[in-house]
Amino acid sequence: MYSFDLLLAEHSAPVLAGLKTANLISCRKEWYPNLPQMLEIYQRAFATRGVCFRILCSCDYRFLLLVYRPDRLLHDLGTKEARALLKRYEYPMHKGMDALLDHLSKRTADQQAFPHEIGLFLGYPVEDVRGFIEQRGKDCKLSGYWKVYGDVQAARRLFRQYDRCRDTARCYIERGMTILELFAA
């Protein structure tokens with residue numbers, strides 16, 4: 001079992017550091033049975049840092065947690081290209097962030113497979129999300145934090161930056177620092 005702080009460092013350090021819009025974390029309920037109550041503490045601690053925590057869906061075995069920066073997410077989803085792609089999946093673009101996340105939660109919970117437009121919520125480039133949908137996940141140019149169908153060099157730079165951030169955060173957590181000390185102080 002990972003400590004929750006180590007789990008956050010491993011899977012959301014770039015978000016907490018302000019380098020990335022959002023990340024998803026699968027949290028096993030047997031390891032984190034009190035996750036909803038724990039998130040209240042993290043939500044308060046990170047509120048002034050522009051980071052939010054939301055359980056997108058829950059099943060018998062896990063919580064799917066979205067760690068995100070609402071301002072960046074609004075910006076990312078507000079582009080003409082992102083809006084057009086989300087409209088194809090009936091997202092209520094005129095109703096605000098909560099309505100968009102509610103719709104994503106329903107689509108995540110209602111389907112056997114992930115809704116592929118979720119990449120837009122995670123800050124992936126629109127051309128890569130569109131490419132993944134159109135190519136059904138095949139024939140990408142690069143695979144890392146996501147499958148790249150567009151700008152390989154830009155994606156490589158981001159992947160390296162995310163890796164360094166994650167590795168640094170993990171190192172501090174393993175030495176005894178808390179995620180709150182590392183990112184919310």
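In the predicted model, helix α1 (residues 4-16) packs against helix α8 (residues 152-174) at an angle of about 160°. The two axes lie 7 Å apart. The angle is over 145°, so α1 runs roughly antiparallel to α8. The crossing of the pair is right-handed. From α1, the contact draws on Asp 5, Leu 6, Ala 9, Glu 10, Ala 13 and Pro 14. From α8, Tyr 162, Cys 165, Arg 166, Ala 169, Arg 170, Ile 173 and Glu 174 take part. By class, the contact of α1 with α8 has 8 nonpolar and 5 charged residues. Polar residues are absent from this contact.

Residues of both helices also touch Ile 179. Ile 179 belongs to helix α9 (residues 179-184). Its relative accessible area is 0%. That value is under 20%, and Ile 179 therefore counts as buried. With residues up to four places away in sequence left out, Ile 179 touches Asp 5, Leu 8, Ala 9, Leu 16, Tyr 42, Phe 46, Ile 173 and Ala 184. Among them, Asp 5 and Ala 9 also take part in the contact of α1 with α8. Ile 173 does so from the α8 side. His 103 is 76 residues from Ile 179 along the chain. The C-alpha atoms of these two residues are separated by 30 Å.

Asn 23 is a second buried position. It lies in strand β1 (residues 22-28). The relative accessible area of Asn 23 is 12%, so this residue is buried by the under 20% cut-off. Its side chain makes a polar contact with the side chain of Lys 20, at 2.8 Å. Neighbours within four places in sequence aside, Asn 23 is in contact with His 11, Ser 12 and Val 15, as well as Leu 65, Leu 66, Val 67 and Leu 122.

Two residues in the loop between α7 and β4 have positive phi values. Arg 136 lies in this loop, between α7 (126-135) and β4 (142-143). Its phi is near 55°, a positive value in a residue other than glycine. Arg 136 has a relative accessibility of 74%. Because this is over 50%, Arg 136 counts as exposed. Asp 139 is placed in the loop between α7 and β4 as well. The phi of Asp 139 is near 60°, again positive in a residue other than glycine. At 65% relative accessibility, Asp 139 is likewise exposed.

How values were computed: Residues numbered from 1 in each chain as written. Predicted model: local features only at pLDDT ≥ 70, side-chain atom pairs only at ≥ 80, totals over all residues. Heavy atoms only, no water. Helix = DSSP H or I, 4+ residues; strand = E, 2+ residues; numbered from the N terminus. Buried < 20%, exposed > 50% of the residue type's maximum accessible area, 1.4 Å probe, protein only. Polar contact = N/O pair within 3.5 Å; in protein donor to acceptor, adjacent residues only side chain to side chain. Contact = heavy atoms within 4.5 Å. Axes fitted to C-alpha atoms, helices over the stretch in contact; angles between N-to-C directions. Parallel < 35°, antiparallel > 145°, perpendicular 65-115°, else oblique. Left-handed = near helix turned anticlockwise from the far one by under 90°. Nonpolar A, V, L, I, M, F, W, Y, C, P; charged D, E, K, R; others polar.
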